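Work through the exercises below with the structure open. Each task is followed by a stepwise solution.

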Amino acid sequence: MLLNARFPLRYIFKHIRADVVRVLLISSFFHLLKLGLGEYLPLIPLQLPTILGSSIALLLAFKTSQSYDRWWEARKIWGAIANDSRTLVLQIRTFVTNEGLRPAALDSPLRTTAYRQIAWCYCLGQTLRGLDPLAGLAAHLGEPDLAYLRPQANKPFALLALHSDQLQGLLQSQAINAYQQVQLDATLVRLCDAMGQAERIKTTVFPVSYRLLVYLFIYLFLMTLSLGLVKTIGLWEIPVLLTTASSFFLLERTARYLQDPFNNKPTDTPVTAIARTVEINLKQLLQEPEVPAPLAPEAFFLM
Amino acid sequence: MLLNARFPLRYIFKHIRADVVRVLLISSFFHLLKLGLGEYLPLIPLQLPTILGSSIALLLAFKTSQSYDRWWEARKIWGAIANDSRTLVLQIRTFVTNEGLRPAALDSPLRTTAYRQIAWCYCLGQTLRGLDPLAGLAAHLGEPDLAYLRPQANKPFALLALHSDQLQGLLQSQAINAYQQVQLDATLVRLCDAMGQAERIKTTVFPVSYRLLVYLFIYLFLMTLSLGLVKTIGLWEIPVLLTTASSFFLLERTARYLQDPFNNKPTDTPVTAIARTVEINLKQLLQEPEVPAPLAPEAFFLM
Amino acid sequence: MLLNARFPLRYIFKHIRADVVRVLLISSFFHLLKLGLGEYLPLIPLQLPTILGSSIALLLAFKTSQSYDRWWEARKIWGAIANDSRTLVLQIRTFVTNEGLRPAALDSPLRTTAYRQIAWCYCLGQTLRGLDPLAGLAAHLGEPDLAYLRPQANKPFALLALHSDQLQGLLQSQAINAYQQVQLDATLVRLCDAMGQAERIKTTVFPVSYRLLVYLFIYLFLMTLSLGLVKTIGLWEIPVLLTTASSFFLLERTARYLQDPFNNKPTDTPVTAIARTVEINLKQLLQEPEVPAPLAPEAFFLM
Amino acid sequence: MLLNARFPLRYIFKHIRADVVRVLLISSFFHLLKLGLGEYLPLIPLQLPTILGSSIALLLAFKTSQSYDRWWEARKIWGAIANDSRTLVLQIRTFVTNEGLRPAALDSPLRTTAYRQIAWCYCLGQTLRGLDPLAGLAAHLGEPDLAYLRPQANKPFALLALHSDQLQGLLQSQAINAYQQVQLDATLVRLCDAMGQAERIKTTVFPVSYRLLVYLFIYLFLMTLSLGLVKTIGLWEIPVLLTTASSFFLLERTARYLQDPFNNKPTDTPVTAIARTVEINLKQLLQEPEVPAPLAPEAFFLM
Amino acid sequence: MLLNARFPLRYIFKHIRADVVRVLLISSFFHLLKLGLGEYLPLIPLQLPTILGSSIALLLAFKTSQSYDRWWEARKIWGAIANDSRTLVLQIRTFVTNEGLRPAALDSPLRTTAYRQIAWCYCLGQTLRGLDPLAGLAAHLGEPDLAYLRPQANKPFALLALHSDQLQGLLQSQAINAYQQVQLDATLVRLCDAMGQAERIKTTVFPVSYRLLVYLFIYLFLMTLSLGLVKTIGLWEIPVLLTTASSFFLLERTARYLQDPFNNKPTDTPVTAIARTVEINLKQLLQEPEVPAPLAPEAFFLM
């Protein structure tokens with residue numbers, strides 16, 4: 001997530017360098033063409049680039065709005081993950097007799113669930129970003145759990161299966177009653193849903209056709225505008241075309257970054273920071289002596 | 001689902017060939033008309049095509065946005081199907097005593113449910129695409145189940161009925177308690193909902209009037225623009241009209257493909273790939289020795 | 001619901017005949033006015049109709065989008081009705097002992113509920129369309145049920161009350177347990193909700209002010225455009241104004257039809273076809289020997 | 001709610017009288033200014049009011065769309081109130097033994113709940129509109145209930161507390177079982193939610209800044225347009241400015257009325273009519289001998 | 001929340017002072033540049049600022065609409081908090097035997113829960129606004145609860161943990177049955193969700209790139225417009241550019257305030273006023289002798 005202050009313009013501009021160069025070439029080419037063949041070229045009325053310009057604006061408005069929705073949905077999913085992580089542990093505390101009243105023993109269901117849930121948050125974030133899903137999990141999971149995870153393809157799902165085994169054990173040892181088990185299972189269902197929703201955003205490619213269409217419209221716009229400006233503003237044409245087209249490319253690029261929020265980039269949903277918040281909240285609930293600090297932001301973003 | 005790279009422009013352009021030819025004919029006709037009858041034709045002020053152009057842009061923005069919503073809703077529905085498929089099997093594992101702890105026997109409720117659920121995902125995808133709903137199901141279902149399915153018109157619904165029979169059996173044999181049965185039934189309700197939602201998108205025709213209106217506006221725009229350009233840009237008029245109108249047609253066509261995501265086309269929701277993911281996740285949960293690989297993408301799309 | 005193919009343009013155009021005639025009169029009047037009083041009339045700059053044109057476009061975009069939302073919501077409600085109808089019967093099959101295993105007897109709860117639910121779907125559709133709510137219900141309901149329905153004002157609600165009586169009976173005769181009754185009741189709650197949602201769309205008039213404002217803007221646009229064209233394009237003005245204005249009226253009218261989807265018109269939500277699908281699915285679940293065919297479409301629409 | 005037919009234009013126009021007069025003064029002032037000081041005034045290019053005009057159009061599109069959403073949300077909330085009122089009574093009928101089968105006795109839980117629920121609907125509607133919340137409730141509530149209500153600040157909430165007391169009594173007298181009580185409580189939760197949602201719309205002021213900005217833009221538009229028209233259309237300027245600006249004011253005002261749907265105005269959500277529908281449905285369910293007629297519409301609206 | 005009347009324009013204008021000064025400098029600079037170097041400057045056609053102007057309008061429409069959505073979502077979350085606070089206490093009253101019938105004793109579960117819930121509302125509001133989370137809570141909480149809260153980082157979450165302890169105690173002392181506990185827990189889950197949703201809005205920075213892009217477009221627009229006006233309107237250019245650009249900046253700033261509704265500013269969601277409403281409603285339900293008055297608005301806003 002980009003932070004409010006200290007945002008380097010350079011960061012964005014470097015991503016549209018290729019487009020800027022292409023626009024520069026195109027507008028120079030047209031300029032030379034007009035110098036040589038000006039009399040044979042049509043004088044396109046400026047209404048035509050105006051119409052194309054408003055089509056570009058509407059297409060970009062569409063892309064901007066849909067990519068914002070994806071980005072916000074990703075943030076909502078991770079918000080729900082934080083909420084349900086806290087809910088799950090709070091429910092164990094409510095339901096399992098005496099768990100709420102004494103400091104959590106090392107093997108108590110409250111503590112095991114809380115630590116496994118912390119691990120799940122980190123593991124899901126790393127899986128979505130294509131990083132090593134097990135990195136750092138040894139701090140939160142015992143060796144048997146880690147051994148179960150290693151061969152599994154979908155590691156966050158495997159962690160839910162371990163939660164599910166514990167739910168069965170809790171009912172069999174009568175630590176919870178049958179209604180409580182069903183209520184805890186409902187929380188697992190929501191966690192499984194949130195995981196699947198994040199996977200959906202990760203694996204669904206935003207319709208590529210729209211990017212191609214935006215590019216097509218921008219290039220058409222450049223051409224008609226360039227032809228429409230024949231003989232009016234001379235060499236000034238090049239910076240004018242360059243700045244206008246670059247702004248459109250910049251807008252398109254900004255939208256494109258937002259629409260893929262799990263790409264291990266500064267524009268990502270801050271999944272590590274959220275997992276850390278969950279870790280802090282749950283460890284304080286367990287009244288653990290050591291609680292980590294919130295994740296510190298990088299130069300201008302938070303991961 | 002179209003993939004990010006390797007996307008052949010040719011693929012889109014071939015779909016608007018008819019429109020391009022029509023536009024070519026129209027603009028040539030107007031050009032000839034103006035050559036012959038130029039003095040009798042009105043000089044339409046260019047504001048008129050501008051107004052029509054912005055109406056087209058708004059109509060296309062509407063179509064683009066609604067068809068994206070349909071496409072994204074279809075993807076969400078299949079995301080929910082993946083989630084609830086995993087949830088269903090996880091719940092059986094949580095609820096049925098000892099299912100979670102031992103490798104699943106061939107006739108265990110866990111294994112039967114998981115395989116039937118895998119079959120349901122493939123079967124629903126094939127039904128929506130108008131393919132043979134039973135193709136390949138023999139790998140996941142026993143003969144009695146297949147025999148029950150054959151005469152049924154709505155095969156995915158019939159598979160849910162088989163799930164429902166199993167829920168009754170599990171309660172009667174006391175493998176689950178009454179609350180667990182209700183909780184499992186709630187998952188079936190969600191699966192039945194998702195199935196119906198996918199059917200709704202499949203069977204509901206997007207209001208055809210809007211396509212006709214877009215076409216009407218584009219042709220009006222072409223005519224007024226052509227008349228507005230009388231005597232200004234000569235033969236250049238034809239490529240100008242052609243490119244502008246084709247971009248609008250291309251946009252309309254792109255939206256139209258998105259809005260029907262179960263048509264067995266490259267722009268489809270990747271239902272087979274999702275069903276395969278479910279198969280992989282569930283078989284790993286069962287600790288099956290053989291787990292298939294994820295569905296490989298075609299040239300530039302994933303089914 | 002209008003179907004994809006075979007859509008007669010004549011069908012739409014006949015609905016805007018009155019508007020076309022009015023526009024014809026107005027533009028002729030202005031034309032004559034300008035012939036007689038041209039020198040006293042102001043030469044409105046064409047920017048003014050351009051601004052009005054883009055206001056019209058935005059207002060129509062708003063109307064189009066909101067009426068599409070109403071239409072799509074209506075379709076979603078009926079999709080939910082189809083889903084919950086199937087769910088209700090599937091739940092009875094899951095919960096009531098042995099219902100799932102033997103062919104349904106004439107008076108079994110499974111069969112009675114299924115037939116009453118089929119009747120409810122037809123009855124609700126007919127009520128919403130203002131047709132006889134009881135037409136054809138004798139095929140699905142026994143005489144006692146029909147006798148109970150006749151004096152009731154809200155017949156679909158009365159059918160839900162009969163379902164509710166049956167739920168009480170099932171618990172008292174111990175055919176279902178207390179949790180199952182509550183789960184079945186939850187399905188009734190959703191059906192009651194869907195019924196009320198459809199009633200809401202039926203009885204809520206879309207804010208009329210917007211139609212008036214669209215008309216006001218279109219007429220203002222016509223007047224300023226006509227005055228702006230003084231002396232430029234002569235008699236050609238009339239077809240130009242006529243076509244442009246008619247397209248706007250057509251768009252407004254198309255939106256207006258979509259926004260009232262229970263008016264017994266070709267643009268309606270296909271409630272009869274959906275009820276028929278429910279009938280087919282439920283009868284096949286009961287393994288009835290005779291199952292009707294899906295509802296055949298009319299010339300270019302499906303009811 | 002405004003009705004489809006018989007809608008007096010006079011009703012809207014009287015609300016923008018003040019704006020019209022102000023525009024008249026402004027445009028006259030500018031006209032006189034230009035007569036006297038024409039040579040010192042700048043000739044604003046008409047592109048500037050065009051840009052401002054499209055900003056106004058977009059701002060008004062935003063306001064129109066958000067106020068429509070508030071209005072539609074208010075209608076949805078009251079739709080949910082109607083649905084849950086019917087659900088509550090249907091559930092009592094399903095759950096309380098024999099309630100469904102005999103005509104409701106005067107003090108039966110079915111009858112008391114139904115009458116209290118009818119009272120709640122009327123009371124909530126009157127509270128939202130700032131009318132006497134207890135007016136007419138004596139027809140539906142006994143004296144003890146009324147006495148409990150009088151000192152309470154939030155009377156609809158107090159009625160829910162009375163429902164809640166009854167739920168406790170029903171469980172204690174074993175008229176319902178524990179699951180049924182929880183299911184009935186879930187319906188109370190939804191009613192309490194709907195009440196709070198309606199209060200939210202009532203008490204949340206739509207961001208006033210946008211109204212000020214719309215006015216600012218309209219006045220800027222007027223000024224630049226007036227200066228842009230220097231010497232072109234003479235005295236005709238005044239009606240032209242007047243009509244264009246008034247249409248914008250009219251649109252803003254229409255949106256503003258929609259956004260506050262509980263103001264005891266003709267554009268209100270028809271809460272009394274909905275409460276009456278609930279009364280009719282519930283009394284017919286109780287098979288009461290006397291059932292009132294639906295609320296008759298006023299001249300051109302329904303309250 | 002800004003109130004409808006008495007809104008000082010000065011309040012907004014002071015926030016765009018810096019932008020106004022910057023625009024003044026830019027337009028003066030361009031004016032001087034044109035005085036000195038007019039003949040070397042290009043005459044930008046006014047279509048270019050028109051296209052940029054409509055891009056600005058669309059970007060601002062996007063920002064306005066998304067920030068309104070955030071603001072409205074924040075208000076909905078706090079509406080849900082009010083609803084679930086009342087629901088929680090109503091449920092205790094329904095479920096705990098005799099709680100509903102007698103005046104609440106000092107240590108009754110009804111009274112403790114109600115006071116802790118009031119404290120939670122105030123505490124959450126103060127936490128979100130970055131104020132002292134414990135300020136004023138001594139009026140609602142006993143010393144043991146306060147002592148538990150002090151070391152905790154997330155104080156509202158710690159209050160939910162205290163609620164959760166009470167739920168465990170209520171079941172163990174058989175004051176509620178197992179279903180009632182699960183239903184109360186469901187209300188806690190919703191409160192935990194609402195808390196997390198408010199935190200999400202508080203901690204998620206709206207994509208900063210869009211603000212930069214809006215500024216970039218406005219400055220481009222200023223430059224091209226200024227160059228387009230070369231020699232047409234002389235010194236008038238400066239006020240014209242100033243007013244147009246300031247309106248855009250004003251719109252951007254207004255959106256920016258709405259998008260962060262927990263910043264302890266007049267545009268905040270009125271969390272203190274909502275917490276006070278909850279306090280009033282709950283104390284009246286407890287029939288407390290002293291009930292505070294609703295929070296009085298400040299000069300032109302309500303906190």
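Contact means heavy atoms within 4.5 Å. This is a predicted model, in which local features need pLDDT of at least 70, side-chain atom pairs count only at pLDDT 80 or more, and totals for chains, interfaces and linings use all residues. Residues are numbered from 1 along each chain as its sequence is written, chains are lettered from A in the order in which they are written, and side-chain values use heavy atoms, with hydrogens and water left out.

**Exercise 1. Find the chains that chain B does not touch, among D and E.**

Step 1. Chain B and chain D do not touch; their nearest C-alpha atoms lie 11 Å apart.
Step 2. Chain B and chain E do not touch either, and their nearest C-alpha atoms are 11 Å apart.

**Exercise 2. Determine the operation that superposes chain A on chain E.**

Step 1. Superpose by least squares on the C-alpha atoms of residues with pLDDT of at least 70 in both copies.
Step 2. The result is a rotation of 72° with 0.0 Å of shift along its axis, at an RMSD of 0.0 Å.
Step 3. That is the relation of a five-fold axis.
Step 4. The copies use different surfaces: 5% of the contact residues of chain A recur in chain E.

**Exercise 3. Characterise the interface of chain C and chain B.**

Step 1. Count residues: 62 of chain C are in contact with 60 of chain B.
Step 2. Take the buried area (accessible area, 1.4 Å probe, that two parts lose on being put together, summed over both). It is about 5300 Å², with 66% from carbon and sulfur atoms.
Step 3. Look for salt bridges (a side-chain nitrogen of Lys or Arg within 4 Å of a carboxyl oxygen of Asp or Glu). The rule finds two across this interface. B:Asp165 pairs with C:Arg93 in a salt bridge, with the closest N and O atoms 2.8 Å apart.
Step 4. Locate the chain C side. H3(C) gives its largest share, 24 residues. Helices here are DSSP runs (H or I, at least four residues), numbered from the N terminus.

**Exercise 4. Describe how the two domains of chain A meet.**

Step 1. Set the bounds, which come from an automatic or database domain assignment. Domain 1 is 12–41 + 207–259; domain 2 is 49–205 + 271–288.
Step 2. Their centres, over C-alpha atoms, are 45 Å apart.
Step 3. 19 residues of domain 1 are in contact with 15 of domain 2.
Step 4. The two domains bury about 1600 Å² between them, 80% of it on carbon and sulfur atoms. A:Phe217, A:Leu258 and A:Gln259 supply 35% of the area that domain 1 buries, more than any other three residues.
Step 5. The rule finds one salt bridge across this interface. A:Glu252 forms a salt bridge with A:Lys63, the closest N and O atoms being 2.9 Å apart.

Definitions and conventions: Helices (H or I, at least four residues) and strands (E, at least two) are DSSP runs, numbered from the N terminus.
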